[in-house]
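Please open the model in a viewer and keep the selection panel at hand. The tour below proceeds by selections, each followed by a description of what is found there.

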Amino acid sequence: MTELDRDLLTANHWGTYRVDVDDGRVTGLRDFEQDGDPSPIGHGIIDVLEGPTRITAPMVRKSWLEGGPGTAGEKRGEDDFVAVSWEEANRLVAGELDRVRREHGNEAIYAGSYGWASAGRFHHAQSQLKRFLNCIGGYTDSKNTYSFAAAEVVVPRVLGTFRGHLDRSTSWETIATDCDLFVAFGGVPLKNGQISPGGVGAHVQKAGLTTARKAGVDFVNVSPIRSDLLDTVEANWLALRPGTDVALMLALAHVLVSEGLQDQAFLDRYTVGFDRFAAYVRGETDGIAKTPDWAAEICEIPAETLRDLARRMATSRTMISVAWALTRQDHGEQPFWTAITLAAMLGRIGLPGAGIGFGYSAMNNTGLARRPMHYASFPQGRNPVKSFIPVARVTEMLESPGAPFDYDGERHSYPDIRLVWWAGGNPFHHHQDLNRMRKAWAKPETIIVNEWCWNALARHADIVLPCTTALERADIAMSPKDPFLVSMDKAIDPVGQARDDHEIFRGIAAQMGVEAAFTEGRSAEEWRRWLWDVSRQQAAREGVELPDWQAFQRDGWFKVPAPEAPTVMMDAFRADPEANPLATPSGRIEIYSETIAGFGYGDCPGHPAWMEPAEWLGKAEPDQLHMISNQPHNKLHSQLDHGSVSQAHRPKGVEPVTMHPDDAAARGLSEGQIVRIHNARGACRAELRLSDTIRPGVIQIATGTWYDPDGDTCLAGNPNTLTLDKGTSSLAQGPIAHSCLVKVEAAEAG
Ligand SMILES: Nc1nc2c(c(=O)[nH]1)N[C@H]1C(S)=C(S)[C@@H](COP(=O)(O)OP(=O)(O)OC[C@H]3O[C@@H](n4cnc5c(=O)[nH]c(N)nc54)[C@H](O)[C@@H]3O)O[C@H]1N2
Ligand SMILES: Nc1nc2c(c(=O)[nH]1)N[C@H]1C(S)=C(S)[C@@H](COP(=O)(O)OP(=O)(O)OC[C@H]3O[C@@H](n4cnc5c(=O)[nH]c(N)nc54)[C@H](O)[C@@H]3O)O[C@H]1N2
Ligand SMILES: [Mo]
């Protein structure tokens, strides 16, 4: 499409690719030559750009169109859709927005619209949606993420910031040179390193791990799943019960305290509240000493193994790595707080290759040496509406308007939502207890969705506005988390009547008389130039010269030079804690937080503590199993689940579930069989895979399968029919997908 004297490029959260186009159609993607470890995920888009799953015209649910807003919400997901023109769609949407804001106020519009959308800096669906709604009076928003909400709220109380430290994760280089022992809670599964939000130029996670191993680093994989660490790093596997990491870490702390192995000088200089934590560990406050024998009962790792590990950690340069998954469980605030405390006791925070790492397990960018760049974002404007929810409280909000909820020391109440708008996220993927959510989803008067494919979200909407994919529009992949800046070229024309999200909102803005405020008079091309030029100025202030727009377009990509020295998290604080205090009340690491203690929450006390999760193997019925629904290796969440790469792993049309052979034998189940996973909340079908790489008592089924409900059962295998919808605690109210007990039986034939 674009007249360029080079191969076309595209970029997304899973990589950068060259695009082959023939006669107006995308015929293939080729791996980016700068990427030594490319991800296959991208190739899954080719066969679904067109065809029955593509939304090619604005669509309105029949009952809504005939009966108006609020008609037969319970038929969402079952009703037929009627195609309408864009003019008609714009008229319907504008009229309904105007009605809702006049009758109920802008607070009645929920547009938290959580989700990953696409990688481009301009066509970021949420930013487009939020900017548009801010032009017409605002909306109720959401706070925090599904990834690690608990950490986003608790870690700033303990370390002053969470994201600030995450963005300065200690580089893999220093792990190879300065680390002896890498203790990975939740492992470092290579499947996850395929991803980086906003784009990936070159994948480095595998090289980071293998180089460290070659340099002599010993690995410990604390996880119910052995394959959470690459075989070649020869990790020692501690197959704990899910949800019991805090008990295990407390036992390590107990060994350190009782053998006097903690680094008291570090604790004295850099932390507050250690004594109160130590008293709890010794059992002085609750009568329970957190000994290895105590923990062994809870996590089912032998006490002797825990003693040995604690002593090794005390005498080695140790990196404690915690997977984000540990926050997505009941009391998910505690694992990171406990891990930080343990790392402080070892005294190596702020030194190369050691200390604490948040999420080497999660993203390609964790541990990737890169400069701290700042780029321009598409401006969202100001939202005059103050009402919000913690992101994972969406079902409760729809169920209970006006009901109070606690969050981070404050009490708020749920708004009365009449209109929901989602653009660039999929709650029928990400939310827990989908059968419950689906009932609550029937309540709003109108649900509007921008989507490109007929997934469960689109099928459960009233008005579906068909958007383009990245291949149908021009953009820039420019993430401060990756050194590669990539031109996302327009490869083909929009499929059917699909429009870019920006163009969708421009049309509705025009209908409502706010087009000039929405566009500021700039075309899409002019916005891209603006984003580049402002980013270029900001980069210059960091001492990095980005090419001008023409040169960038000519070359297609640019790599920001690597920093001169590797990154070490919290090195400045360590070097001089008085000059570089943390942004906590004490300026130090708060092992005890007066602030949190002051909130008086029974489910989140003033120091890290073990609290039994709502569901775990310690209080399971004999035939119950713990279900881990982790990230899929063959896609990003639900994106491209319908594409060839994802479908190739699902020959029987249902998602595979992994089970230990002993658990299968006890149930008379065998490899390849279709099973039914169920609990009181619902059920899903899955194809059984047997493996001794999973701990007995635990099953693993990836998230991402498109929800396909038949009553309370998902026929395709979406595990969120089973997960529990409850907040981590009154502090963060984060999601807890990983605290979930289920039963498994053979599926009925047919
Ligand atoms: N059980 C369980 N559940 C989980 C998790 C878990 O571990 N276990 N993990 C959680 C986590 S960490 C996360 S981050 C969430 C992820 O949840 P989401 O981010 O909501 O999931 P995605 O499937 O990435 O949703 C992105 C949606 O945007 C659409 N899209 C893509 N490009 C565009 C575009 O240009 N415009 C528009 N309008 N739409 C576009 C896609 O088609 C897709 O429907 O899931 C959470 N849910
Ligand atoms: N391919 C691919 N990569 C992705 C994503 C994707 O959808 N696909 N999603 C991205 C996103 S949005 C996010 S937030 C990150 C998430 O990154 P993570 O949260 O780190 O990813 P998960 O795969 O959910 O979990 C990592 C491992 O933790 C283990 N685990 C689960 N529960 C426990 C527990 O209680 N204790 C211990 N010790 N281990 C446990 C599981 O075995 C799991 O494999 O991944 C990102 N990377
Ligand atoms: Mo996430």
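How much space lies in the second largest pocket? In this predicted model, the figure is about 640 Å³. Select Lys 191, Gln 631, Pro 632, His 633 and Gln 700, which are the closest to the centre of this pocket among the 31 residues that line it. Next, colour helix H7 (205–214) and strand E25 (656–659), each of which supplies at least two residues of the lining. Strand E25 gives the most, with 3 residues. Colouring the lining of this pocket by class shows 11 nonpolar, 14 polar and 6 charged residues.

Keep Gln 631 selected and display ligand 1. An N or O atom in the side chain of Gln 631 is 3.4 Å from a nitrogen atom of the ligand. Taken alone, ligand 1 exposes 920 Å², and the protein buries 98% of that. The elements to highlight in the shell around ligand 1 are helix H15 (427–430) and strand E18 (446–451), as these give two or more residues to it.

Two backbone contacts may be displayed next. A backbone N or O atom of Asn 450 lies 3.1 Å from a nitrogen atom of ligand 1. For Gly 424, a backbone N or O atom lies 3.5 Å from a nitrogen atom of the ligand.

Now expand the selection to the 35 residues around ligand 1, of which Ser 118, His 430, Glu 451, Ser 638 and Asn 720 come nearest. By class, this shell comprises 10 nonpolar, 21 polar and 4 charged residues.

From strand E18, move to the sheet. Strand E18 belongs to an open sheet of 6 strands with mixed pairing, in the order E5-E4-E19-E18-E17-E6. At its edges are strand E5 (81–83) and strand E6 (109–110), each pairing on one side only. Within the sheet, select strand E4 (residues 59–61) and strand E19 (residues 463–466): they run antiparallel and are joined by 2 bridges. Zoom in on Met 59, whose bridge partner in E19 is Val 464.

The last stop is the set of cavities. How many cavities of 30 Å³ or more are there? The count comes to 3. The second largest has a volume of about 70 Å³. To outline this second largest cavity, select its lining: Gly 243, Val 246, Gln 329, Asp 330, His 331, Gln 334, Pro 335, Ala 609, Trp 610, Met 611 and Pro 613. These lining residues divide into 6 nonpolar, 4 polar and 1 charged.

Terms used: Residues are numbered from 1 along each chain as its sequence is written. Chains are lettered from A and ligands numbered from 1 in the order in which they are written. This is a predicted model: local features need pLDDT of at least 70, side-chain atom pairs count only at pLDDT 80 or more; totals for chains, interfaces and linings use all residues. Side-chain values use heavy atoms; hydrogens and water are left out. Two strands pair if DSSP finds at least two bridges between them. Helices (H or I, at least four residues) and strands (E, at least two) are DSSP runs, numbered from the N terminus. On a 1 Å grid over the protein atoms alone, a cavity is a set of points where a 1.4 Å probe fits but cannot get out, and a pocket is an open set with protein on both sides within 12 Å along at least five of seven lines; lining residues have an atom within 4 Å of a point. Grid points are joined across faces, edges and corners, and a volume is the space filled by probe spheres set on the points. Ala, Val, Leu, Ile, Met, Phe, Trp, Tyr, Cys and Pro count as nonpolar, Asp, Glu, Lys and Arg as charged, and the others, Gly among them, as polar. A residue is near a molecule or strand if one of its heavy atoms lies within 4 Å of it. A polar contact is a pair of N or O atoms within 3.5 Å; within protein, one must be able to donate a hydrogen and the other to accept it, and residues adjacent in sequence count only if both atoms are side-chain atoms. Accessible areas come from the Shrake-Rupley method with a 1.4 Å probe; for residues, only the protein chains shown count as cover.
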